[in-house]
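Work through the two exercises below with the sequence and the coordinates at hand, and try each task before reading its solution.

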Amino acid sequence: MASTNLMSLSDIEKKKFLESFDSFISDCDGVLWHGRKPVSGAQDVLKNLVSMGKRRFYFTNNSTLTRKQFIEKFNTLGFDAEEDEILSTAWLTAKYLKNINFSKKVYVIGGTAVKEELDAFGIENIGVGPDNYMPKNSSSFSLGNSNIELVPDVGAVVIGYDFFFSYPKLMKACSYLNNPECLFIATNKDEKFPAADGVIVPGAGAFVAALETCSERNAVVMGKPSPFAIDNVLIPSGLDSKRCLMIGDRCNTDIQFGNQRGMTTLLVETGVHKYSDLEKFKSSGMNHLIPSYYTSSVADLLEIMNL
């Protein structure tokens with residue numbers, strides 16, 4: 001499977017590219033912005049696509065914000081978005097539990113956004129925030145002297161990005177998951193994020209891996225590349241995946257997500273993966289990570305629109 005440089009197409013081919021999709025889904029961080037700084041030209045691209053009659057969605061694996069908080073960020077950075085156009089993993093998690101008529105308590109290893117989205121669906125939850133548990137005798141703590149207190153009627157463990165991730169939380173979550181009827185849900189599995197000055201920030205995937213290891217179970221994942229959002233939100237809303245463009249910066253989430261349902265996929269090199277990574281994926285036989293097209297920035301679409 002080969003990936004095509006979008007900007008190497010002829011003018012006629014570029015116009016056909018724009019005509020090939022009716023809807024588009026864009027990742028956010030690394031595609032539209034970096035932290036609080038927009039990618040140059042990204043706002044104009046999205047406005048033009050909408051003015052051309054393209055239907056839009058924004059899909060982020062970031063579980064640290066609610067959909068309402070994402071709207072505030074979009075507006076602050078000069079983007080236009082409606083709440084029902086945003087797919088965030090905190091919201092998808094709550095929607096999933098609501099869809100299956102979940103009625104027990106949720107133990108959350110995650111941020112306040114997960115709690116607030118669960119609260120909005122009327123789903124009782126515990127665990128958000130620091131866990132200050134200490135064994136009764138910390139000087140002689142042993143594995144057999146943990147004395148942790150487990151809350152009854154917990155029917156699901158949800159894990160996402162948690163700045164307060166800790167050994168006590170891991171121990172409690174693993175204990176709940178020892179019950180095979182307890183659901184195990186991960187908001188997303190992003191491994192890490194690059195930051196300034198060469199710092200690497202562990203992502204939710206690092207926490208999920210720890211809990212999967214000690215529980216000897218695999219989490220049901222809400223974020224990309226899981227098809228949950230396609231099958232349970234996008235297609236029921238009328239989206240035709242064959243006429244949809246998925247724009248992303250990470251191949252093992254964004255691009256894989258789009259490829260598995262036959263979307264046209266576009267990798268932009270303003271985030272995690274670059275063209276050089278595609279050669280590595282191809283040589284390793286990981287064709288599911290190869291995008292239909294690649295380009296340096298989402299802003300390159302402006303040139304195509306102006307033909």
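The exercises that follow concern a predicted model, and they deal with a strand and then with a pocket.

**Exercise 1.** Determine whether the residues of strand E7 (residues 105–109) are buried or exposed, and find which strands pair with E7.

*Solution.* Begin with the two faces of the strand: Lys105, Tyr107 and Ile109 point one way from E7, while Val106 and Val108 point the other way, and all are buried, where buried means under 20% relative accessible area. Because five of the five residues of E7 are buried, the strand is largely enclosed by the rest of the structure.

Next, turn to the pairing. E7 runs parallel to strand E9 (residues 154–159), with five bridges between them, and Val106 stands opposite Ala156 in E9. Strand E8 (residues 125–126) is also parallel to E7 and is joined to E7 by two bridges, with Val106 opposite Asn125 in E8. Finally, follow the chain from E7 through helix H5 (residues 112–120) to E8, which gives a right-handed β-α-β crossover.

**Exercise 2.** Describe the largest pocket by its volume, its lining and the character of its lining residues.

*Solution.* The space in the largest pocket comes to about 710 Å³. Its lining consists of 31 residues, and those nearest the centre are Asp29, Gly30, Asn62, Phe193 and Arg250. Sorting the lining by character then yields 11 nonpolar, 12 polar and eight charged residues. As a last step, assign the lining to secondary structure: strand E3 (33–34), helix H3 (67–76), strand E11 (192–194) and helix H9 (251–259) each contribute at least two residues.

Methods: Residues numbered from 1 in each chain as written. Predicted model: local features only at pLDDT ≥ 70, side-chain atom pairs only at ≥ 80, totals over all residues. Heavy atoms only, no water. 1 Å grid on protein atoms, 1.4 Å probe; cavity = no way out; pocket = protein on both sides within 12 Å on 5 of 7 lines; lining within 4 Å. Points joined across faces, edges and corners; volume = space filled by probe spheres on them. Helix = DSSP H or I, 4+ residues; strand = E, 2+ residues; numbered from the N terminus. Nonpolar A, V, L, I, M, F, W, Y, C, P; charged D, E, K, R; others polar. Buried < 20%, exposed > 50% of the residue type's maximum accessible area, 1.4 Å probe, protein only. Pairing = 2+ DSSP bridges. Right-handed = clockwise from strand over helix to strand, strands pointing away.
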